[in-house]
Amino acid sequence: MVSEQDWNTFMETGEASPTIPPIVVQSWNYCRSIKLNPLKGYSQEVVTGKAFEEIMSHNSELLKIAIPFVQRLFMEMKDFKNSSFIGVLSDKDGYILKTILPAHGTDLSHSLYYSEGLRQTEELIGTSAISLVQKTLKPLQVAGFEHYCKIHHNTSCSAAPIIDASGELVGVFSLAGPKDKVNSHTLSMVIATASAISNLMKADQANSTLSEKTNMYMTILDSMNDGLIMLNAKGIVQYINPFGAKTLHIDRRKAINRPIDSLVDFDPIIMHALRSGVGYTDREFFIETKRGTLDFVKTAIILKDDDGMTTGAIDIFREIKRVKDLINKITGATAKFTFDDILGNDSALLEAIRMAKIAANGNANVLIQGESGTGKELIAQSIHQASARHDGPFIAINCGAIPRNLVESELFGYEGGAFTGAKSNGQAGKFELAHGGTIFLDEIGDMPLEIQVQLLRVLQEQRIMRIGGTRYIDIDVRVLAATNKDLAEGVANGNFRADLYYRLNVLPITLPPLRERHSDIVLLINMLLENKCQRLDIQRKHFDQESFDIMQKYTWPGNIRELENVVERMIYTCPHEVITKDFLPANMKKQDTPPPSWLGDNMTLKEFEHRYIMQVYEQCDKNISQTAKSLNIGRNTLYSKLKEVDENILVENN
């Protein structure tokens, strides 16, 4: 125990007796260094009114837990009912939040130093239990002459820190009374009380955090666009999210604590996974119900305890239609062009547009005919965009570009393991992905005969069966087909089925080649120049009149696609603002000569194509690559065209 002599000696000389506790000496030295007056010690800092209300509000969690606990302690423990000790609750900054007096206490004059709103820190009142706990975060007792300031020499105080769940100091609980009333049990009682308050705060914070996380997780589950059901080990519904309840036509509120098989009109697949204890991921299931066949992609998660026993399952499901819609959005299976994007005043073109707009108002199949590069897909996209299906997918397929052995699986899909190399979960075909929208079959004339039979059946029945499948899948798809071939001729020579031709050719649309649209060539060139220069962020360029004349006389075997490529090429290659004929492709400049003698002959379109290809082939010195580039077609296509002219021409060339 520190004596009055010890205190006086330090105040006079600054020398501390070795019997004084080191923490007290350390505090005395600090108080002396800041020139704190030891003869005072009253706290000069007090908050009232709104300022005190704000402090109380900031410490509301501490007050909510600590005050009822301490009040009950003072009421129930006889040692405090009639004692001279007062309970003091301070925040981490030393502000006294609450002073609790005993029911029948005596000699409470020291309570003046612990009024609510006062601040007790080492800088304000010197060495005290409350100020040292703030500093050390350790429980301790300061009594009598251990206080730096004389005014507190007749008091004792035992204090302990209140720590929250994150290990931070949130407050201090202390018992203060006359120094002659202190005993060895007082500090133990304070420590136990502060520890209990700390634990209650941690539990409350944990519950609050758990509640917040639970609410967050429930909000996430409730907002999911997938159905989700949680079952216990007996198949009793513990939770179902709104989307799942809506999809399965279940009353969400009445579903809880009921068996899943009593809520639906089909055998729940999740129960098979629950019984077997084996889950799965992203598997497709067809479920027969009274409302028809439901097509789902499902994931089953089996829940198990530490001993490996099944405790429940989570069933996550999504209608396959929504999966397909998502796939179409991701893969860009949408139409971009409308009728407003089609430029031209040619009468044949305007008639084609008129027919296309009529087609857009109905749901009949459409056959679009025209040479390669005339804009058949542009017309198809415009029909889709102007139709009632514009919000649905637009799936475009080049029938001539798919390997023959993959056409069926590409169009109609397959089940898992249907053939070597098939995906384990199977794959939806293009007709399934186009459900609710439009499928555009480009180059329909190249479709194999055996697939034509299946396509005809799909058009008639509006349903498909996947390769390796055992059930039909209903579809709602409009078919737009296109070809650069004469399908009537194909029917005549047995390369195209007559019944399919008549089924497709309900609304025929024929697009004129560019060489027959002389009045539109300048319009298209100017439009392409403007768009390309703007996209490339370069100054607008112009063609001189001589170039225009050559381009108008050119026969454009590649049509608008070739025109677009030529314009872009010359924008890149010509460094000047005005593009002259010097920058035109060689085959176009060579054509700036009198037309060949055979041009006026009476010939079919196929004969004209053959003669023109041979003319360019000769002009390019029989160079395959240069000829293909000049005609703006692929080398393989050129090989096929040349073989049509003469089977032995390539052998001779070699």
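**A walk through sheets, helices and two acidic residues**

Strand β4 (residues 155–163) and strand β5 (residues 169–178) run antiparallel and are joined by nine bridges. To find your place in that ladder, look for P161, whose bridge partner in β5 is V172. Keep in mind as we go that this is a predicted model.

Now zoom out from that pair. β4 and β5 belong to an open sheet of five strands, ordered β2-β1-β5-β4-β3, with antiparallel pairing. At its edges sit β2 (96–100) and β3 (140–143), each of which pairs on one side only. If you follow the twist, neighbouring strands of this sheet are turned by 20° against each other on average, ignoring direction. There's a helix to look at here too: α7 (residues 129–136) lies across β1 (86–91), β3, β4 and β5, and runs at about 30° to β4.

Further along the chain there's another run of antiparallel strands. Strand β8 (residues 280–289) is joined to strand β9 (residues 292–304) by eight bridges, the two running antiparallel. F286 has D295 in β9 as its bridge partner, and the two strands make a hairpin with two residues between them. β9 then pairs with strand β10 (residues 310–319), again in the antiparallel sense, over nine bridges. In this pairing I301 stands opposite I314 in β10. The β9 and β10 hairpin has five residues between its strands, and G308 there takes a positive phi near 85°.

On to the helices. Two packed helices are described by the angle between their axes and the distance between the axes. Start at the N-terminal end with α1 (residues 4–13) and α2 (residues 22–33): their axes come within 11 Å and cross at roughly 35°. The crossing of α1 and α2 is right-handed. From α1 the contact draws on D6, W7, F10, M11, E12 and T13, while α2 brings W28, N29 and R32. Sorted by character, the residues of this α1 and α2 contact come out as four nonpolar, two polar and three charged.

What about α13 (residues 347–360) and α14 (residues 376–386)? They pack at an angle of about 40°, with their axes 8 Å apart, which makes α13 oblique to α14. The crossing of α13 and α14 is right-handed. Here I353, A356, A359 and A360 of α13 meet I379, I383 and A386 of α14. The contact of α13 with α14 divides into seven nonpolar residues, no polar and no charged.

Let's finish with two acidic side chains. D222 sits in helix α8 (residues 184–223). Is D222 buried, partly exposed or exposed? Its relative accessibility is 30%, so D222 counts as partly exposed. Not counting residues up to four places away in sequence, D222 touches Y239, N241, P242 and R252. For a sense of scale, D222 and G370 lie 148 residues apart in sequence and 52 Å apart in space, C-alpha to C-alpha.

E568, in helix α22 (residues 559–573), is the other one. Which side of the cut-off does E568 fall on, given that buried means under 20% relative accessible area? E568 has 18% relative accessibility, so it counts as buried. And which residues does E568 contact once its neighbours within four places in sequence are left aside? E568 is in contact with K532 and R535.

Conventions: Residues are numbered from 1 along each chain as its sequence is written. This is a predicted model: local features need pLDDT of at least 70, side-chain atom pairs count only at pLDDT 80 or more; totals for chains, interfaces and linings use all residues. Side-chain values use heavy atoms; hydrogens and water are left out. Helices (H or I, at least four residues) and strands (E, at least two) are DSSP runs, numbered from the N terminus. Buried means under 20% relative accessible area, exposed over 50%, partly exposed in between (1.4 Å probe, protein chains only). Contact means heavy atoms within 4.5 Å. Two strands pair if DSSP finds at least two bridges between them. Axes are lines fitted to C-alpha atoms, for helices over the stretch in contact, and angles run from 0 to 180 degrees between N-to-C directions. Angles under 35 degrees count as roughly parallel, over 145 as roughly antiparallel, 65 to 115 as roughly perpendicular and the rest as oblique. A crossing is left-handed if the near helix is turned anticlockwise from the far one by less than a right angle, and right-handed if clockwise. Ala, Val, Leu, Ile, Met, Phe, Trp, Tyr, Cys and Pro count as nonpolar, Asp, Glu, Lys and Arg as charged, and the others, Gly among them, as polar.
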